[in-house]
Amino acid sequence: MAASERIGRWLAALASLIGGVFGAAFATVAARAATLPENRAEAMVHVYDGGGVTASGPAVLVRKSLADKVSLTGSYYLDAVSNASIDVVTTASPYNERRNEFGLAVDYAVRDSLLTLAVGASSEPDYDTRSVSLDIAQETFGGMTSVSLGFTRATDEVGKTGDPGFHDQATHWQYRVGVTQILTPKWLASVNLEAMSDSGYLGNVYRVARVFGAAVPEQVPRTRSSRAVKFRAVGDLGQRDAMHAEYRYFWDNWDIKAHTVEAGYSRYLGQSLLADGFIRYYTQSAALFYSDNAQTETTYVSRNRQLSDFDNVVVGGKLSYDWKKQPGQYDLKAHAAVELLNVKYHNFTDIRDGSLYSLRAAVLQLYLTATY
Amino acid sequence: MNTPVAASPLPLEGAPPADRRSRIRGGRLVIAWLVATMLSACAAPEPWVKPYERERLADPIMRLNRDALSAKHSEHVRDISEAARGATGVQGGGCGCK
């Protein structure tokens, strides 16, 4: 038996199993054929600038369906980073590096399920990641409910520039489940839950902590277990406009708790323009072992500001323009998106002047999308 | 005087009297009827938004992550600056970076 046929049968069996489970849970399931994502191409230029870090590069994605059952997606993403962040300028020298990321995904529609198998590889001079993920989405309850399950496993190879003797690994597992429900002809709501588990080297080989004012290598636990739950609602407001609101709660066994609230509004302007705007507020508590300047010696200590107590306000907007359209053949759109970040750290000082650190950053995305 | 139970093909030691057994059977029937009624009331509802009523929901304006690359980049920026992650609804999430 050909390998592709064998894999196809496996996927069909898995989809049948999932379908059976959902079918039992929802007594009034109406059989619906899953539809593949549309053929699509995207090309983007992205820029991040803030806190002494500039990261930019191109990204492309192409998706094409084959024989109405399978859709293939290939993607490439480049980050060219120039890093002179506060961590770098206070403990090391600014540097430049590149991160290349490749992705390949296969969507397979079988009965009323859509299965997505994806692999990815990301490469930096001192850090390589390989990942594989499987996602299953199924419509049920007469198409009013969409249920998705997903799993990702990633393995990192950690090195250290200038120290060829250093090598470590980290492994990450993510398990996710989501339900999207049609509430009314104008409103949708969804709930997503994700459990994450990390094991291995979870720190940064270059980062230092401060203990009694002295710089020491950071020590971070080698395991971490995290959970996140998100609620979201989207509604059509009736004037060719829509709004969305969402809330996410995150917690982990490093004692970090985070809340994210976002609200946004979208509106068609004329026949060719779509405008989106949103505001997002994020706040988190510090990890148990985080300290700006530890006054006791502990097994674990970190001065990673990502693990500190801070909040982040993001304001963003996007304009999408229907550039060219040939009904039944292709649809080309141009997009420009901007996000402004304002991060305030409550327990991370700029050791150059002793003040609490804060940063502002801007994110720019310019991209074209085509469906065909 | 106890009701004879030896006539039963499988005499049960300590079995309740016949009138009590009858009451128990009646009670069970009532409970079964109540459970059946409750289950029928709890049966899964019919889909209340018909396919022809979902035109507005299918409009791109109702989709938050319309463009995969844009959503991936925004998530990447958040992954590298915040400790929280996950439950984004983006397939195969994760930053794959240090």
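Cut-offs and conclusions for chains A and B

Guide: In chain A, 55% of the contacts with a separation of 6 or more are between residues 24 or more positions apart. A contact means C-beta atoms, placed from the backbone, within 7 Å. This is a predicted model: local features need pLDDT of at least 70, side-chain atom pairs count only at pLDDT 80 or more, and totals for chains, interfaces and linings use all residues. Residues are numbered from 1 along each chain as its sequence is written, while chains are lettered from A and ligands numbered from 1 in the order in which they are written.

Visitor: What makes up the secondary structure of chain A?
Guide: Two helices and 18 strands. Both kinds are DSSP runs, numbered from the N terminus: helices are H or I with at least four residues, strands are E with at least two. Chain B has two helices and zero strands.

Visitor: Why is chain A called as compact as a globular protein of its length?
Guide: Its radius of gyration, taken over C-alpha atoms, is set against the globule rule, 2.2 Å times the number of residues to the power 0.38. The value is 23 Å, and the rule gives 21 Å for 372 residues. The two are close, so the description holds. Along the principal axes, the C-alpha atoms of chain A fill a box of roughly 65 × 55 × 35 Å.

Visitor: Why does A:Glu42 count as buried or exposed?
Guide: A residue is buried if 20 or more other C-beta atoms lie within 10 Å of its own, exposed if 12 or fewer, and partly exposed in between. A:Glu42 has 22 such neighbours, so it is buried. Its place is in strand S1 of chain A. Leaving out residues up to four places away in sequence, A:Glu42 touches A:Val60, A:Leu61, A:Tyr367, A:Thr369, B:Asp67, B:Ala68 and B:Leu69. Buried residues make up 33% of chain A and 27% of the 98 residues in chain B.

Visitor: Which class does A:Ala67 fall into, and why?
Guide: A:Ala67 has 6 C-beta neighbours inside 10 Å, so it counts as exposed. It lies in the loop between S2 and strand S3 (70-83) of chain A. Its phi is near 55°, a positive value in a residue other than glycine.

Visitor: And what makes the class of A:Arg240?
Guide: Its count is 15, so A:Arg240 is partly exposed. A:Arg240 sits in the loop between strand S12 (223-236) and strand S13 (241-252) of chain A. Phi of A:Arg240 is also positive, near 55°.

Visitor: How do you know that S12(A) and S13(A) pair?
Guide: Pairing takes at least two DSSP bridges between two strands. S12(A) and S13(A) have 11 and run antiparallel. A:Ala233 stands opposite A:Ala245. Four residues lie between the strands of this hairpin, where A:Gly238 takes a positive phi near 95°.

Visitor: What joins S13(A) to S14(A)?
Guide: Another 11 bridges, again antiparallel; strand S14 covers residues 257-269. A:Glu246 has A:Glu262 as its bridge partner. This hairpin also has four residues between its strands, and A:Asp255 in the turn has a positive phi of about 70°.

Visitor: What makes a group of residues a nonpolar core?
Guide: Its members are buried Ala, Val, Leu, Ile, Met, Phe, Trp, Tyr and Cys residues joined through C-beta atoms within 7 Å. The largest core has 16 residues. Those touching the most other members are A:Ile256, A:Ala258, A:Ala287, A:Tyr290, A:Leu307, B:Ala83 and B:Ala84. Apart from it lies another core, of 12 residues, among them A:Val53, A:Phe348, A:Tyr357 and A:Ala361.

Visitor: How do you know that the span of helix H2 of chain B is close to the expected one?
Guide: The expected span is 1.5 Å times one less than the number of residues. Helix H2 (residues 68-81) has 14 residues; 20 Å is expected, and its first and last C-alpha atoms are 20 Å apart. Its buried residues include B:Ala68, B:Leu69 and B:His73. Their cover includes strands S1 (40-50), S2 (53-66), S17 (330-350) and S18 (355-371) of chain A.

Visitor: How many residues make the contact between the chains?
Guide: Chain B gives 35 residues and chain A gives 72. The chain B side divides into 16 nonpolar, 11 polar and eight charged. Here Ala, Val, Leu, Ile, Met, Phe, Trp, Tyr, Cys and Pro count as nonpolar, Asp, Glu, Lys and Arg as charged, and the others, Gly among them, as polar.

Conventions: Two residues are in contact if their C-beta atoms, placed from the backbone, lie within 7 Å.
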